[in-house]
Amino acid sequence: MYAIETINLSKKFGNMYAVQELNLHVPEGSIYGFIGENGSGKSTTEKLISGLLIPGGGEIRLYGRHYTDAGVRARMGVLIENPGCFPNSTVYQNLMMQALNLNIKNPKTEVERVLKLVSMVGAANRKFSKCSLGMKQRIGLAQSLLGRPRMLILDEPINGLDADGMRIVRETLIELSRESS
(Lines give C-alpha, C1' and ligand atoms only; values in the text may rest on other atoms or scores of the structure.)
Protein backbone atom coordinates (compact mmCIF):
# COMPACT_ATOMS: atom_id res chain seq x y z
CA MET A 1 0.00 0.00 0.00
CA TYR A 2 1.12 3.54 -0.69
CA ALA A 3 1.25 6.22 1.98
CA ILE A 4 0.49 8.77 -0.74
CA GLU A 5 -1.01 8.18 -4.14
CA THR A 6 -2.11 10.83 -6.60
CA ILE A 7 -3.87 10.06 -9.84
CA ASN A 8 -3.93 12.79 -12.51
CA LEU A 9 -3.81 15.45 -9.77
CA SER A 10 -4.26 18.97 -11.10
CA LYS A 11 -4.58 22.48 -9.70
CA LYS A 12 -4.98 25.70 -11.67
CA PHE A 13 -4.68 29.28 -10.52
CA GLY A 14 -6.50 31.35 -13.12
CA ASN A 15 -5.48 29.94 -16.49
CA MET A 16 -2.14 28.56 -15.29
CA TYR A 17 -1.54 25.06 -13.98
CA ALA A 18 0.52 24.85 -10.80
CA VAL A 19 0.14 21.05 -10.88
CA GLN A 20 -0.95 19.21 -14.01
CA GLU A 21 -1.96 15.52 -14.06
CA LEU A 22 0.54 14.44 -11.39
CA ASN A 23 0.77 10.70 -10.75
CA LEU A 24 2.72 10.05 -7.57
CA HIS A 25 3.24 6.87 -5.54
CA VAL A 26 5.05 7.12 -2.20
CA PRO A 27 5.53 3.82 -0.32
CA GLU A 28 4.84 3.61 3.42
CA GLY A 29 7.87 4.30 5.62
CA SER A 30 9.77 6.23 2.97
CA ILE A 31 11.21 9.71 2.98
CA TYR A 32 10.26 11.43 -0.25
CA GLY A 33 11.36 14.87 -1.37
CA PHE A 34 10.40 17.22 -4.17
CA ILE A 35 13.22 18.96 -6.00
CA GLY A 36 12.53 21.64 -8.58
CA GLU A 37 12.69 25.26 -9.51
CA ASN A 38 10.71 27.95 -7.73
CA GLY A 39 7.16 27.95 -9.06
CA SER A 40 7.29 24.34 -10.24
CA GLY A 41 4.39 23.21 -8.01
CA LYS A 42 6.19 21.61 -5.05
CA SER A 43 4.44 23.57 -2.31
CA THR A 44 1.12 23.46 -4.13
CA THR A 45 1.35 19.66 -4.31
CA GLU A 46 2.11 19.49 -0.57
CA LYS A 47 -0.83 21.79 0.20
CA LEU A 48 -3.12 19.62 -1.93
CA ILE A 49 -2.00 16.43 -0.17
CA SER A 50 -2.36 18.13 3.22
CA GLY A 51 -5.88 19.29 2.43
CA LEU A 52 -4.97 22.99 2.55
CA LEU A 53 -5.97 23.38 -1.10
CA ILE A 54 -8.74 21.66 -3.05
CA PRO A 55 -7.69 19.88 -6.25
CA GLY A 56 -9.07 21.07 -9.55
CA GLY A 57 -8.95 17.53 -10.86
CA GLY A 58 -7.66 14.08 -10.13
CA GLU A 59 -7.56 12.08 -6.96
CA ILE A 60 -5.51 11.91 -3.74
CA ARG A 61 -5.37 8.78 -1.59
CA LEU A 62 -3.55 8.45 1.73
CA TYR A 63 -3.02 4.88 2.95
CA GLY A 64 -5.64 3.76 0.41
CA ARG A 65 -8.31 6.16 1.69
CA HIS A 66 -9.63 9.45 0.33
CA TYR A 67 -7.42 12.32 1.51
CA THR A 68 -10.32 14.00 3.35
CA ASP A 69 -10.92 10.93 5.56
CA ALA A 70 -10.88 12.18 9.17
CA GLY A 71 -9.05 9.10 10.46
CA VAL A 72 -6.18 9.66 8.04
CA ARG A 73 -6.08 13.44 8.57
CA ALA A 74 -5.84 12.99 12.35
CA ARG A 75 -2.57 11.08 11.92
CA MET A 76 -0.87 13.67 9.72
CA GLY A 77 1.71 16.21 10.85
CA VAL A 78 2.13 19.23 8.60
CA LEU A 79 4.58 22.13 8.40
CA ILE A 80 3.90 24.33 5.40
CA GLU A 81 5.57 27.75 5.34
CA ASN A 82 5.51 29.25 8.86
CA PRO A 83 4.48 27.59 12.12
CA GLY A 84 1.23 28.98 13.50
CA CYS A 85 2.27 30.25 16.91
CA PHE A 86 1.26 33.01 19.29
CA PRO A 87 4.16 35.49 19.40
CA ASN A 88 3.80 36.46 23.07
CA SER A 89 3.48 32.88 24.32
CA THR A 90 6.49 30.73 25.10
CA VAL A 91 7.65 27.84 22.97
CA TYR A 92 6.31 25.46 25.61
CA GLN A 93 2.93 27.23 25.80
CA ASN A 94 2.53 27.15 22.02
CA LEU A 95 3.30 23.44 21.89
CA MET A 96 1.00 22.75 24.84
CA MET A 97 -1.88 24.62 23.16
CA GLN A 98 -1.38 22.55 20.01
CA ALA A 99 -1.21 19.31 22.03
CA LEU A 100 -4.47 20.22 23.78
CA ASN A 101 -6.10 21.11 20.44
CA LEU A 102 -5.13 17.66 19.17
CA ASN A 103 -6.59 15.97 22.30
CA ILE A 104 -3.27 14.31 23.02
CA LYS A 105 -3.20 12.14 26.13
CA ASN A 106 -0.48 13.24 28.55
CA PRO A 107 0.20 16.52 26.71
CA LYS A 108 3.00 17.56 29.09
CA THR A 109 4.94 14.37 28.40
CA GLU A 110 4.33 14.70 24.65
CA VAL A 111 5.49 18.34 24.55
CA GLU A 112 8.65 17.40 26.45
CA ARG A 113 9.26 14.53 23.99
CA VAL A 114 9.06 16.75 20.89
CA LEU A 115 11.15 19.49 22.52
CA LYS A 116 13.90 16.90 23.02
CA LEU A 117 13.54 15.59 19.47
CA VAL A 118 14.21 19.03 17.97
CA SER A 119 16.79 20.04 20.59
CA MET A 120 14.70 22.92 21.95
CA VAL A 121 14.43 21.98 25.64
CA GLY A 122 16.67 24.90 26.62
CA ALA A 123 14.43 27.36 24.78
CA ALA A 124 11.09 26.10 26.12
CA ASN A 125 10.49 29.24 28.22
CA ARG A 126 11.48 31.71 25.49
CA LYS A 127 8.71 33.75 23.89
CA PHE A 128 8.11 32.69 20.31
CA SER A 129 8.65 36.28 19.11
CA LYS A 130 12.19 36.19 20.56
CA CYS A 131 13.18 33.02 18.67
CA SER A 132 15.44 33.09 15.62
CA LEU A 133 14.16 31.96 12.22
CA GLY A 134 15.92 28.60 12.65
CA MET A 135 14.41 28.11 16.10
CA LYS A 136 10.95 28.92 14.74
CA GLN A 137 11.46 26.31 12.04
CA ARG A 138 12.35 23.68 14.66
CA ILE A 139 9.30 24.71 16.71
CA GLY A 140 7.15 24.16 13.62
CA LEU A 141 8.72 20.74 13.20
CA ALA A 142 8.00 19.99 16.87
CA GLN A 143 4.35 20.97 16.31
CA SER A 144 4.10 18.62 13.35
CA LEU A 145 5.53 15.76 15.45
CA LEU A 146 2.98 16.08 18.26
CA GLY A 147 0.94 12.92 18.70
CA ARG A 148 3.37 10.73 16.73
CA PRO A 149 1.76 11.24 13.32
CA ARG A 150 1.82 8.42 10.82
CA MET A 151 2.72 10.84 8.01
CA LEU A 152 4.66 14.10 7.90
CA ILE A 153 4.29 16.70 5.16
CA LEU A 154 7.10 19.22 5.54
CA ASP A 155 7.71 22.11 3.15
CA GLU A 156 11.37 23.14 3.28
CA PRO A 157 11.93 21.85 6.83
CA ILE A 158 15.55 23.03 6.96
CA ASN A 159 14.82 26.54 5.67
CA GLY A 160 16.58 29.11 7.83
CA LEU A 161 18.50 26.56 9.88
CA ASP A 162 22.20 26.72 10.62
CA ALA A 163 24.40 23.68 9.98
CA ASP A 164 23.69 22.20 13.43
CA GLY A 165 19.94 22.74 13.03
CA MET A 166 20.02 21.04 9.61
CA ARG A 167 21.83 18.07 11.11
CA ILE A 168 19.30 17.82 13.96
CA VAL A 169 16.35 17.87 11.56
CA ARG A 170 17.91 15.29 9.21
CA GLU A 171 18.79 12.97 12.09
CA THR A 172 15.32 13.36 13.61
CA LEU A 173 13.58 12.53 10.33
CA ILE A 174 15.80 9.51 9.67
CA GLU A 175 15.23 8.20 13.19
CA LEU A 176 11.46 8.69 12.91
CA SER A 177 11.46 6.83 9.58
CA ARG A 178 13.33 3.91 11.17
CA GLU A 179 10.90 3.78 14.10
CA SER A 180 7.89 3.64 11.78
CA SER A 181 9.29 0.80 9.65
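**Exercise 1. Pairing in the hairpin**

Which residue of strand 2 does K12 stand opposite? Find it, then describe the hairpin around it.

*Solution.*
Step 1. Look across from K12: Y17 in strand 2 stands opposite. The model is a predicted one.
Step 2. Widen the view to the two strands. Strand 1 covers residues 2–13 and strand 2 covers residues 16–27. They pair in the antiparallel sense, over eight bridges.
Step 3. Inspect the turn. Two residues lie between the strands of this hairpin. G14 takes a positive phi there, near 70°.

**Exercise 2. Order of the sheet**

In what order do the four strands of the open sheet lie? Build the order pair by pair.

*Solution.*
Step 1. Start from strand 1, which pairs with strand 2 over eight bridges.
Step 2. Add strand 3, residues 57–62. Five bridges join strand 3 to strand 1, and the two run antiparallel. Within strand 3, I60 stands opposite T6.
Step 3. Add strand 4. Two bridges pair strand 4 with strand 3, again in the antiparallel sense. Here R65 of strand 4 stands opposite L62.
Step 4. Read off the result: the order is 2-1-3-4, with antiparallel pairing in an open sheet. Strand 2 and strand 4 (65–66) are the edge strands, as each pairs on one side only.
Step 5. Place the helix. Helix 1, residues 42–50, packs on this sheet and touches strand 1, strand 2 and strand 3. The direction of helix 1 makes about 65° with that of strand 2.

**Exercise 3. Rings**

What is the geometry of the aromatic pair formed by Y32 and F34? Then locate the charge over the ring of Y63.

*Solution.*
Step 1. Two values are needed: a pair of aromatic rings is described by the distance of the centres and the angle of the planes.
Step 2. Take the pair. The structure holds one aromatic pair. Y32 and F34 form it, 5.7 Å centre to centre, with 80° between the planes.
Step 3. Classify. Planes over 60 degrees apart count as edge-to-face, so the pair of Y32 and F34 is edge-to-face.
Step 4. Check exposure. Y32 has a relative accessible area of 47% and is partly exposed. F34 is partly exposed too, at 29% relative accessibility.
Step 5. Turn to Y63. The charged end of R150 sits over its ring, 3.5 Å from the centre.

**Exercise 4. Two glutamines of helix 5**

Are Q143 and Q137 buried or exposed? Say what each side chain reaches.

*Solution.*
Step 1. Locate them. Q143 is found in helix 5, residues 133–145, and Q137 is found in helix 5 as well.
Step 2. Apply the cut-off: buried means under 20% relative accessible area. Q143 is at 12%, so Q143 counts as buried. Q137 is at 5%, so Q137 is buried.
Step 3. Find the partner of Q143. A polar atom of its side chain lies 3.3 Å from the backbone oxygen of G84. Contacts of Q143 beyond four places in sequence include P83, C85 and N94.
Step 4. Find the partner of Q137. Its side chain reaches the backbone oxygen of P157 at 3.4 Å. Beyond four places in sequence, Q137 touches residues including L79, E81 and D155.

**Exercise 5. Helix 4**

Which residues of helix 4 are buried? Name elements that cover them.

*Solution.*
Step 1. List them: P107, E110, V111, R113, V114 and L115, within residues 107–117.
Step 2. Identify the cover. It includes helix 3 (91–101) and helix 5.
Step 3. Go past the helix end. S119 follows helix 4, with a positive phi near 55°.

Key. Residues are numbered from 1 along each chain as its sequence is written. Side-chain values use heavy atoms; hydrogens and water are left out. Rings of Phe, Tyr and Trp (its six-membered ring) pair if their centres lie within 6.5 Å; planes under 30 degrees apart count as stacked, over 60 as edge-to-face and the rest as tilted. Buried means under 20% relative accessible area, exposed over 50%, partly exposed in between (1.4 Å probe, protein chains only). A charge sits over a ring if NZ of Lys or CZ of Arg is within 6 Å of the ring centre and within 35 degrees of the ring normal. Two strands pair if DSSP finds at least two bridges between them. Contact means heavy atoms within 4.5 Å. Axes are lines fitted to C-alpha atoms, for helices over the stretch in contact, and angles run from 0 to 180 degrees between N-to-C directions. A polar contact is a pair of N or O atoms within 3.5 Å; within protein, one must be able to donate a hydrogen and the other to accept it, and residues adjacent in sequence count only if both atoms are side-chain atoms.
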